[in-house]
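Student: I am new to this structure and would like a close look at one part of it. Please take the packing of helices and aromatic rings, and go through it step by step.

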Number of protein chains: 2
Amino acid sequence: MRIGLDIMGGDFAPEATMMGAIAALKELPQDVKLVLFGPQDKIEEICQREGVDPKVFDIVNATEVIEMGDHPVKAFAAKQNSSITLGFGMLHKKMIDGFASAGSTGAMLVGVAATIKSIPGVIRPCIATEMPQFAEDKHTLLLDIGLNADVRPDVLCQFAQIGAIYIKQLYGVENPKVALLNIGAEESKGNLVAKEAYGLMKDNSNFNFVGNVEGHQLLGVCPADVVVTDGFTGNIVLKEAEGLYHIIKKSGHTNEFFEKFNYENLGGTPVLGVNGTVIIGHGVSNAKAIKAMVMQTKNVIEAQIWQKVAEKFQ
Amino acid sequence: MRIGLDIMGGDFAPEATMMGAIAALKELPQDVKLVLFGPQDKIEEICQREGVDPKVFDIVNATEVIEMGDHPVKAFAAKQNSSITLGFGMLHKKMIDGFASAGSTGAMLVGVAATIKSIPGVIRPCIATEMPQFAEDKHTLLLDIGLNADVRPDVLCQFAQIGAIYIKQLYGVENPKVALLNIGAEESKGNLVAKEAYGLMKDNSNFNFVGNVEGHQLLGVCPADVVVTDGFTGNIVLKEAEGLYHIIKKSGHTNEFFEKFNYENLGGTPVLGVNGTVIIGHGVSNAKAIKAMVMQTKNVIEAQIWQKVAEKFQ
């Protein structure tokens, strides 16, 4: 397996990304190769400083960077030697099995659109995150968390199917429970999109729909394995939880459960519904977060999620 | 001032409501009369048991109850002697200055529509709540939190105006800062409704628009005094915070700030944009919550919020 990592992605690159890559090395099995996209001299310099043989990595010398202020579409095309453009080029040619970056989200999405593209039959790709749960073996995936501010009901239905594949493939949950984020338990509740989506989901044989979940059910003990919503609501709900984590941390009250809110432990956000494994990290990622993102990329590649989605949507 | 209280409203009525009313008596000034809507014999029985002279209250003998399972429209019309129907009757005739109930939300809204109605010019009434803030003198009102799952951009604009009046009247904040709940800081961010609303809000002379706030900015240190959103997002965001309060409490980590999430301390939810003061309490209200709701009703009446909204929308 070959995991591509953008060494120039994120506010603290290349220092944090290199330290994250080196930390990941210690946990990755022998047959996993980390492919680093970044300036070769800088990469080798940090390796030397840290007493790591640069040869443990494959290095793709990327001499340009797509900055956060760049126009994503223009920069992706213009900066042919940027880490993101080179990364997607190799992902497209299947020279790497996945690509992870804490760089410009916009450029990452342009990269998807310009190279691997959406899976045929998938109306809209989306991004997803896990909402913290008490039980160690309980995972609840929330999607979309920001790509699609407005969604059609049939798109929510596809998110349900994609989310169920993700949870089944990654955690071995048979027939994952899928719910719709809503403002009441009854079918009649919600905005127009949610009401229509409920109708499409309840008799859908592609996944195991268990009804609506409300805001207070998302965290801790969610009755579902997959919760679908539009990217507007999903993004706000996710950021509210992140904001609360910071408040809890500030108050000195973190514990094992609240640490699950910490993005450093979460890794990044998978882009789902596209022809490849793509993970977008938090812009403020430190070495710990980069390492978590690399480990997550490995897990998502191993779980063959995009391939299973492609099979289902054939 | 005369505050109407539904003694039969909520899961623990009439015990919790009566104990709440008795507790409120100790803090209400002499010139405030509590008008209790409920079965006279039961009210007098609890008064006697608690050593309270029933004459301190005005009692309106309501012999019927609108149950949570009742059809709100039908029950409001059919049960003429119910506490909610009698309460709205007296509110409409201005025989009470406000009406508070922890009973059926549906019946309360039917009561509004059947009696006092929306303020002319207000497209849609809404409900609001304060999001917990660190500073004691900082108040951030979120609206709508559930009445309008789908909103038009011009309706969000009206929520902004109504929310600003609420904060100014209740807390004396001059020129309250109004923000739009969104998924990014820029004007171009958001779903179709939010983008359109931003355009309507940014040059609006009726309130002081300060731009977008994101999910993580809602709690603790919100940069705005008023945050507007659709009732779908608002309801989910509010319930998520409530859910987290329960998780924090369970973990034994509550403190002064987190206690602000506790509905018992919050009182109820004002219905805004209607011709009168109406407060809806949480169905699970205990005596402490009922007392808080009564005190809040007093404050909202004193602040003359609905009258100021009516003036502005003339």
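Tutor: What follows goes through two helix contacts and then the aromatic rings, in a model that is predicted.

Start in chain A, with helix 1 (residues 15–25) and helix 10 (residues 287–302). Their axes come within 7 Å and cross at roughly 50 degrees. An angle between 35 and 65 degrees falls outside the parallel and perpendicular ranges, and helix 1 of chain A and helix 10 of chain A are therefore oblique to each other. The crossing of these two helices is right-handed. On the side of helix 1 of chain A, the residues in the contact are Ala16(A), Thr17(A), Met19(A), Gly20(A), Ala21(A), Ala23(A) and Ala24(A). They meet Ala287(A), Ile290(A), Lys291(A), Val294(A) and Met295(A) of helix 10 of chain A. By type, the residues of this contact are nine nonpolar, two polar and one charged.

Now turn to chain B, where helix 6 (residues 153–171) packs with helix 11 (residues 305–312). Here the angle is about 135 degrees and the axes are 9 Å apart. Helix 6 of chain B and helix 11 of chain B are therefore oblique to each other. Helix 6 of chain B passes helix 11 of chain B in a right-handed crossing. Helix 6 of chain B contributes Gln161(B), Ile162(B), Ile165(B), Tyr166(B), Gln169(B) and Leu170(B), which meet Ile305(B), Lys308(B), Val309(B) and Lys312(B) in helix 11 of chain B. The residues of this contact divide into six nonpolar, two polar and two charged.

The aromatic rings come next. Over all chains, a search of the whole structure finds 16 aromatic pairs. One of the pairs is Tyr198(A) with Phe209(A): the ring centres are 5.1 Å apart and the planes stand at 85 degrees, so the pair is edge-to-face. Tyr198(A) belongs to helix 7 (residues 192–202) of chain A and Phe209(A) to strand 8 (residues 208–213) of chain A. The two residues are 11 residues apart, and the pair links distant parts of the chain. Tyr198(A) and Phe209(A) are both buried.

In chain B, Phe258(B) and Phe261(B) form a tilted aromatic pair, with 6.1 Å from centre to centre and 45 degrees between the planes. Phe258(B) and Phe261(B) are buried too.

Back in chain A, ring pairs also join Phe37(A), Phe76(A), Phe88(A) and Phe99(A) into a cluster.

Key:
Residues numbered from 1 in each chain as written. Chains lettered and ligands numbered in written order. Predicted model: local features only at pLDDT ≥ 70, side-chain atom pairs only at ≥ 80, totals over all residues. Heavy atoms only, no water. Axes fitted to C-alpha atoms, helices over the stretch in contact; angles between N-to-C directions. Helix = DSSP H or I, 4+ residues; strand = E, 2+ residues; numbered from the N terminus. Parallel < 35°, antiparallel > 145°, perpendicular 65-115°, else oblique. Left-handed = near helix turned anticlockwise from the far one by under 90°. Contact = heavy atoms within 4.5 Å. Nonpolar A, V, L, I, M, F, W, Y, C, P; charged D, E, K, R; others polar. Phe/Tyr/Trp six-rings, centres within 6.5 Å; stacked < 30°, edge-to-face > 60°. Buried < 20%, exposed > 50% of the residue type's maximum accessible area, 1.4 Å probe, protein only.
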